[in-house]
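Please read the following report with the sequence and the structure side by side. It moves from charged pairs to strands, rings and nonpolar cores.

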Amino acid sequence: MPIDIGPFATTEVVDFRSALETGLFGIYGQTGAGKSTLFSAMSFALFGAPTKTDQEPRSLRSDHAASDLPTEVEFVFELGAKTYLIRRRPAQERPKARGEGTTEDASEASLFDVTGIPVDILGPSQSGRVIAEKKVSLVGQQVEALLGYGADQFRQIVLLPQGKFETFLAAKTDARVEILRDLFDVKIYRDLAARLKEEASEAERALRDQRALYVARLEERGFESAEALELGIAAAETKVEEKQGVQNGAAMATEAARKALTEGEQIEKAFSAVDTAQQAFDNLEKKTGEVEELAKRIEAVRNAIQARDLETALRDAEQESRNAVEAVTKVEAALDIATGAKEVAGKKLVEAQSGEDRRQQVQADLTRLEAIENQVGQAAALRSAFDDAAKDEGSAKKALTEAIDAREKLKSQRDATDLALDQARKTETVRGQLTGELAEVNRERVKAAAHVKAQEAVADAQRNVEAASNELATRTDAAQAADAALVDAEARLSRTQAIILAEKLTEGAPCPVCGSHDHPAPAHGMPEQSGLTEAFRSAQVQARTASEARVRAESELGNFRMRLDEKKRALEEQESPERTLAELEVEIARLEGDVAALGEAVDLDAMAEQLAQLKLKLTEAEAAEATARTAAGKAETDLAGARAKLDTVIEALPEGLRTPEAVVARREALQREQRQLSEALEVATQQDRAAGEMLTRAQEQLEAAKRARDAQQQRVKKAQDDFGARLAEVGLDKAGYDACKAHFPTLDADQKTVSDHREGLIAAHTTLQNAIAACADRERPDLAPLQLALADATQTLNAANAALATARTDVSSLTKFKESLAAALAETERLETETGPLRGLADLANGKNDFKMTLETFAIGAMFDQVLDAANMRLDPMTRGRYRLTRGLEASGGRGKRGLEIEVFDINTGKARPTATLSGGETFIAALALALGLADVVESLSGKIRMDTIFIDEGFGSLDTENGAGTLDQVIQVLAALTEGSRAVGLISHVGLVQEAIPQGFYVRSTPSGSRVEERRGLG
């Protein structure tokens, strides 16, 4: 732990590793030398605060330190398998880098994970992985998250500073609860109690609302009590009986009128049937002449149908005859074409036979071409040798040119790389400076963005609260308006009901509502029209809906206000940025622009290596250039010799046949001409033969077509004779047959028309006679008076039915209302029964019990009992079994509750008494035992908080000693026993007996120029 604060003028390194291995060690020195300053260094490193709560971190700077030596604490600590390093500086002044005077440096802190890195090599250049740096608030949050407690708890259970050792021992219940709440994970109990309270409040509110609803529903219907409701139902049932009698009389009158009208309608129906039958018979008589004419035409059509098949045969024969004539014409045209084709083919055959001389000349040219081809082959071999020599000469020259270019290129690259390397070194120096500045500004931007986001969240939450407030005001106004409408509807309904009731009151008869025989002031006036009951019920529904909406709006507003408070707390917990987000963005853009202007980062080592390689390649390229120049001269000489040999052979060949390609092309042309002459003769022969065969087929087809034409003409003649004979048999000529053909499709329909008419005429005559017989001895009635009588009776019945339905509806409505009230009462009792245990449990969990203790405090108390048990295990040997720490009663409102008060039970007196009655030494021992017990329990209950080391500052001077058997000796033995496990205990004291008992540790030596820390492994 390197430090340079307080009395330490220079950097002091305190290495606790050997002391921790020993287990029990001391920190000794003269008063004022700086022993407690080591504790302050630890507390400041971890939490940014000295052990003394009233000391400012700025005051930690040593007055002995050089002005250019910054005040700083570097602390390495272990948590389980992880090792961390924290480096912290307080706000302090330092000399200005330029000019005279001083400037202010802000406080800063950094936290690193150094797991696996040897402690001896840790320093500014090797600090491990960054967890948080620069921002003290962020580092503080990370440290508390790792340790599981803060500075106050650290001072009270891990690092017990001078003068504050017994604070926890003497603390009241509330103060001790705050300490233990942070150490023990009791959030689940606090959350459970809060949840129980919330659910119980909701249940209580639902029960209260249900009770109010029962009473309100009675009042909405105008009844003061359930008894008044019963009287209203009885009055409504009496009215139903009255209306039922009226309805029965109206129903009988209506039935009689309906029966009279039905009888009259039956008689009228019979007279109407006579009229209808006479009209139908007359209509059919009028069509009789037309139908008979149709019957005659039907007979003629039947005769014509007997000749229809022969007419069809005649038409088919005529069509086939026409087809035969067309076939003869087509075959004659084909014969003319075949004759012309035969003549053309004969001429082409004569022409092809005349090219025999040319075929023989082509064969002779092919024979001579073979000798020329052999000579061209010799020339091709010489040309190939010449081409190879020319290619070698070109390759050699190209290689020489490339070698020269490569040398020049490498030289340019070497010079450019040398210059670029010098420039890159300067650029990377600037880039490193800009990158560091950019990283710092980016960290500021992240924090500033988080702060802006928190501000926006607060603004959004505020807007939600305002919107919810407006919504609540709107819902409140709506609920008030609905309530007013309900009151008005109820008043109108009550006034109308009173007027109707007053109309039925009889002097000396009891009132159906109140039972009184006196009616001193009955209501007067005209009752309003129907619809008041529906209006009243509608107003009830609207009032209830508006009330529920207002309650929901109130709940929503409460939720939004709670969220606003949460957002404000989150904003307050954040540290305000020194610069705005816009300013940081501008600064980042500037720095990024400066970095971008520098271009891509350059690997200087790689560039230096590249320069060395270029120099080596340049030397190699110069050697390659000399070799290429020699090879180019030799290739030029070989090319001249090959050219001379090739020219000698080519001059002996015919012009145009000096290359293999020319010979091949000439041979292919002769062979192609030879093939064309042979193919032309073969084609001409085949065409002549095919033309002859086609001419023969055409002549044969013409003879067959003529024979078919003559046969079809004979068939037509026979079909004409057969058709004429059939017409004569049925007594028709051609014109009469053609006239009947138009009626062939309608023959069946025409026959049905005649048949239907004749049958209908008979049926109509029979119907008319029957209808006349049915009306014999009857007079035709007048239906209008009967219909009017039924309409009047029906109207009277409808009015009676409506009145009866209204009366029954009133009874049903009141009965259902009564039943619904019973359901509401049952629901109230159910809610009372079901939520009773929940409300009782919530009261117990939130302190409404005999001990007036919340569930959270009870859970802390149970854990605190374990702390006291563990403390007594330490206290018992240190006091030789005299004292035990117990929980006492705390006065509250004239009664006592068992809180977290501590009393000490004295075995000598057999009584418990306050810890304030202990002597100074006894107080020290009790507080020490309590702190050790607390450390044991906290570590056992929390998998996160570990207390492997505890420091004790002063207090040993108050203990007595008796040659190894005094209180001091007992305390040291207990402390020594603690180190038998994995725990270490550090003691700060100036008492000589403590130094003799525990020689190992550190000695803080004070000098006029400042203090220094010396490690001790024994007395010295």
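In helix α8, which spans residues 226-286, Glu-255 and Arg-258 lie 3 residues apart, about one turn of the helix, and in this predicted model their side chains meet in a salt bridge with an N to O distance of 3.4 Å. Glu-255 counts as partly exposed at 47% relative accessibility, and Arg-258 is likewise called partly exposed, at 37%.

A similar arrangement can be followed in helix α11 (residues 356-504), where Glu-393 and Lys-397 are 4 residues apart, again about one turn of the helix. Their side chains form a salt bridge with an N to O distance of 2.5 Å. Here Glu-393 counts as buried, with a relative accessibility of 10%, whereas Lys-397 is partly exposed at 41%.

Salt bridges can also join residues from separate parts of the chain, and one pair shows this. Asp-120 forms a salt bridge with Arg-17, and their closest N and O atoms are 2.9 Å apart. Asp-120 lies in the loop between β8 (108-113) and β9 (129-134), while Arg-17 belongs to helix α1 (residues 17-22), so the pair ties together parts that are 103 residues apart in sequence. Asp-120 is exposed, with a relative accessible area of 64%, and Arg-17 is partly exposed at 38%.

The table sets out the three pairs.

| Salt bridge | N to O distance |
|---|---|
| Glu-255 and Arg-258 | 3.4 Å |
| Glu-393 and Lys-397 | 2.5 Å |
| Asp-120 and Arg-17 | 2.9 Å |

The count for the model comes to 42 salt bridges. Some of these are joined to one another, as in the network that links Arg-407, Glu-408, Glu-625 and Arg-629.

The next topic is a strand and its neighbours. Is strand β15, residues 984-989, mostly covered or mostly open? The strand is mostly covered, since 6 of its 6 residues are buried. On one side Ala-984, Gly-986 and Ile-988 are buried, and on the other side Val-985, Leu-987 and Ser-989 are buried as well, which leaves both faces of β15 covered.

Strand β15 pairs in the parallel sense with β3 (residues 24-29) over 5 bridges, and within this pairing the bridge partner of Phe-25 is Gly-986. Strand β14 (residues 949-953) also runs parallel to β15 and is joined to it by 5 bridges, with Phe-951 standing opposite Gly-986.

Phe-25 and Phe-951 appear again among the aromatic residues, where they form one cluster together with Phe-16, Phe-39 and Phe-1002. A search of the whole structure finds 8 aromatic pairs. A ring can also have a charged group over its face, as with Arg-88, which lies over the face of Phe-44 at 6.0 Å from the ring centre.

Finally, the nonpolar residues can be considered as groups. The largest nonpolar core has 46 residues, of which Phe-864, Leu-885, Leu-928, Leu-930, Leu-975 and Leu-987 touch the most other members. Helix α20 (residues 920-941) gives the largest share of this core, namely 12 residues. A second, separate core holds 39 residues, including Leu-46, Leu-60, Tyr-84 and Tyr-149. Leu-987 connects this topic with the strand described above, for this residue is one of those buried on the faces of β15 and is also named among the members of the largest core with the most contacts to other members.

Terms used:
Residues are numbered from 1 along each chain as its sequence is written. This is a predicted model: local features need pLDDT of at least 70, side-chain atom pairs count only at pLDDT 80 or more; totals for chains, interfaces and linings use all residues. Side-chain values use heavy atoms; hydrogens and water are left out. Buried means under 20% relative accessible area, exposed over 50%, partly exposed in between (1.4 Å probe, protein chains only). Helices (H or I, at least four residues) and strands (E, at least two) are DSSP runs, numbered from the N terminus. Two strands pair if DSSP finds at least two bridges between them. A salt bridge is a side-chain nitrogen of Lys or Arg within 4 Å of a carboxyl oxygen of Asp or Glu. Rings of Phe, Tyr and Trp (its six-membered ring) pair if their centres lie within 6.5 Å; planes under 30 degrees apart count as stacked, over 60 as edge-to-face and the rest as tilted. A charge sits over a ring if NZ of Lys or CZ of Arg is within 6 Å of the ring centre and within 35 degrees of the ring normal. A nonpolar core is a set of buried Ala, Val, Leu, Ile, Met, Phe, Trp, Tyr and Cys residues joined through side-chain atoms within 4.5 Å.
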